Amino acid sequence: ERRARWGESASAMEEQIQESRFVAERVSRTVRQLDGAQMNVQQALALVEDVVNLKGCANGVVAALREDDLVGATGYVRQFHDIASIAAQASDDYERMVAAEKMLKSRVLDQFILATEGG
């Protein structure tokens, strides 16, 4: 009779262990899914932040070029190049930024030629 009770207790304990293992596996799977979702959200937020920063760069470089502030414009172009290309190309300001960079290069070259010819 004692053996029978031990057998029942062992079976009950084994069943509890199995149930606990299944619960742990479900929790672990859910945590992995949540972790993946969190990573996706963080990537999306970084993309949005880059697009917002690109808009600021585009506005800044245009204003700097308008004021003939080539050093300031260069800083905005540098920031533009630090932004992930996926984010940059997703923005409406990408082409504007590329055009502003070309204009900046042309103006810097003109200033260089003027400085070397004048001296």
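These exercises, each with a worked solution, concern a predicted model.

**Exercise 1. The nonpolar core**

Find which elements give two or more residues to the largest nonpolar core, and which residues have the most contacts inside it.

Solution.
- Start with the core itself. The largest nonpolar core has 16 residues.
- Pick out its best-connected members. Leu54, Val61, Leu65, Ala73, Ile83, Met97 and Leu104 have the most contacts inside this core.
- Next, list the contributors. Two or more residues come from each of α1 (2-66), α2 (70-82), α3 (85-90) and α4 (94-118).
- Finally, look at the shares. Helix α1 supplies the largest one, with 6 residues.

**Exercise 2. The neighbours of Val61**

Which residues does Val61 touch, leaving out those up to four places away in sequence?

Solution.
- Val61 is one of the core residues with the most contacts.
- Display its surroundings and skip the sequence neighbours. Val61 then touches Ala73, Tyr76, Val77, Met97 and Ala100.
- Check two of these partners against α4. Met97 and Ala100 are both buried there.

**Exercise 3. Helix α4**

Compare the span of α4 with the expected value, and name its buried residues.

Solution.
- Count the residues: α4 has 25.
- Take the distance from its first C-alpha to its last. The helix reaches 36 Å.
- Set this against expectation. At 1.5 Å a residue, 36 Å is expected, so the two values are close.
- Now turn to burial. In α4, Met97, Ala100, Glu101 and Leu104 are buried.
- Consider the spacing. An α-helix has 3.6 residues a turn, so residues three or four places apart point the same way.

**Exercise 4. The setting of Asp93**

Is Asp93 buried or exposed, and which residues does it touch beyond four places in sequence?

Solution.
- Locate the residue. Asp93 lies in the loop between α3 and α4.
- Apply the cut-off. Buried means under 20% relative accessible area. Asp93 has 6%, so it counts as buried.
- List the contacts. Asp93 touches Leu54, Lys55 and Ala58.
- Take one of these, Lys55. Its C-alpha is separated from that of Asp93 by 6.0 Å, although the two residues are 38 apart along the chain.
- Look at the side chains. Those of Asp93 and Lys55 make a polar contact at 3.3 Å.

**Exercise 5. A salt-bridge network**

Which residues do salt bridges with shared partners join into one network?

Solution.
- Begin with the total. The model has 5 salt bridges.
- Take Lys55 and Asp93. Their side chains meet in a salt bridge, 3.3 Å from N to O. This pair links distant parts of the chain: Lys55 is in helix α1, while Asp93 is in the loop between α3 and α4.
- Add Arg96. Its side chain meets that of Asp93 in a salt bridge, 3.2 Å from N to O.
- Combine the two. Lys55, Asp93 and Arg96 form one network.
- Check accessibility. Lys55 is partly exposed at 42%. Arg96 is partly exposed at 34%.

**Exercise 6. A bridge within one helix**

Where do Glu25 and Arg21 sit relative to one another, and what is the distance between their closest N and O atoms?

Solution.
- Confirm the bridge. Glu25 forms a salt bridge with Arg21, and the closest N and O atoms are 2.8 Å apart.
- Explain the placement. Both residues are in helix α1, 4 residues apart, so about one helical turn separates them.
- Check accessibility. Glu25 is partly exposed at 37%. Arg21 is partly exposed at 39%.

Notes. Residues are numbered from 1 along each chain as its sequence is written. This is a predicted model: local features need pLDDT of at least 70, side-chain atom pairs count only at pLDDT 80 or more; totals for chains, interfaces and linings use all residues. Side-chain values use heavy atoms; hydrogens and water are left out. A nonpolar core is a set of buried Ala, Val, Leu, Ile, Met, Phe, Trp, Tyr and Cys residues joined through side-chain atoms within 4.5 Å. Buried means under 20% relative accessible area, exposed over 50%, partly exposed in between (1.4 Å probe, protein chains only). Contact means heavy atoms within 4.5 Å. A polar contact is a pair of N or O atoms within 3.5 Å; within protein, one must be able to donate a hydrogen and the other to accept it, and residues adjacent in sequence count only if both atoms are side-chain atoms. A salt bridge is a side-chain nitrogen of Lys or Arg within 4 Å of a carboxyl oxygen of Asp or Glu.
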